[in-house]
Amino acid sequence: MTQDELKQAVAKAAIEHIPADCYVGVGTGSTANYFIDELAKIKHKIRGAVASSEASAKRLRGHGIEVVTLNESGDLPVYVDGADEITRHMHMVKGGGGALTREKVVAAASKKFVCVCDASKLVDVLGKFPLPIEVIPMARSFVAREVVKLGGQPALREGFTTDNGNLILDVHGWDILNPVELETTLDHIAGIVTNGLFARRPADVLLLGTADGVKTMTA
Ligand code: 5RP
């Protein structure tokens, strides 16, 4: 199976986690896009969706799914999203698509986080995928210097602005052995809006697309 077929398979499997008559939290990225396409097939059973990016909101609306804000929906029963890396402890690196801030907010407001990934995303140690950090523009250089002090090598994501009008630093060179600790440390640096570690609020369920089928994992 190709990577795209594995992504499609997990997107399909995620539909089983969607309760009837609710607003669904929807992530961002190619796997989330496949999930949106599957969600469209059961759109008459749900009330609508809360999107973690403008791109996902556009795709949802394109399928005729109502998109509401998190302020309108209140807390959500379930959030479905991909990841750039995930461990068996359900800790993740996210933000490859630059939507990490809204993803973290929607995940925090959701009872269950269902992560949908192809098998290449499962790792023993996070950090091979550069860790995205969203920063406000005037703090870019300061945050970069603070990251260097912590042993990381930050690179500005050229020509990219987030949905919130901010910049992304992609941090290379970290073996992230304690993701909860690093997430907390980064959260205390002034100018960082969000870091792409999702460890304090990990996924609850991982649907992993493998050559042997979709595996369901929990921490
Ligand atoms: C976007 C994300 C995505 O979940 C992550 O980049 C995975 O994307 P894909 O499903 O395309 O591999 O965090 O900000």
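This briefing describes a four-stranded sheet, the helices that pack on it, and a ligand site. The model is predicted, so local features need pLDDT of at least 70 and side-chain atom pairs count only at pLDDT 80 or more, while totals for chains, interfaces and linings use all residues. Residues are numbered from 1 along each chain as its sequence is written, and side-chain values use heavy atoms, without hydrogens and water.

**The sheet**
- Four strands (DSSP runs of E, at least two residues, numbered from the N terminus) form an open antiparallel sheet in the order β8-β9-β7-β10.
- β8 (153-156) and β10 (192-195) are the edge strands; each has a single partner, so one side of each lacks a neighbour in the sheet.
- From one strand to the next, the twist averages 30 degrees (axes are lines fitted to C-alpha atoms, for helices over the stretch in contact; angles run from 0 to 180 degrees between N-to-C directions).
- Four bridges pair β8 with β9 (residues 167-172); pairing requires at least two bridges found by DSSP.
- Gln153 has His172 in β9 as its bridge partner.

**The helices**
- Helix α6 (residues 140-149) lies across β7 (131-135), β8, β9 and β10, at about 15 degrees to β9; helices are DSSP runs of H or I, at least four residues.
- Helix α7 (residues 179-187) touches β7 and β10 (contact: heavy atoms within 4.5 Å), and its direction makes about 165 degrees with that of β10.

**The ligand**
- Among the 17 residues around the ligand, Ser30, Thr31, Asp84, Gly95 and Lys121 come nearest; a residue counts if one of its heavy atoms lies within 4 Å.
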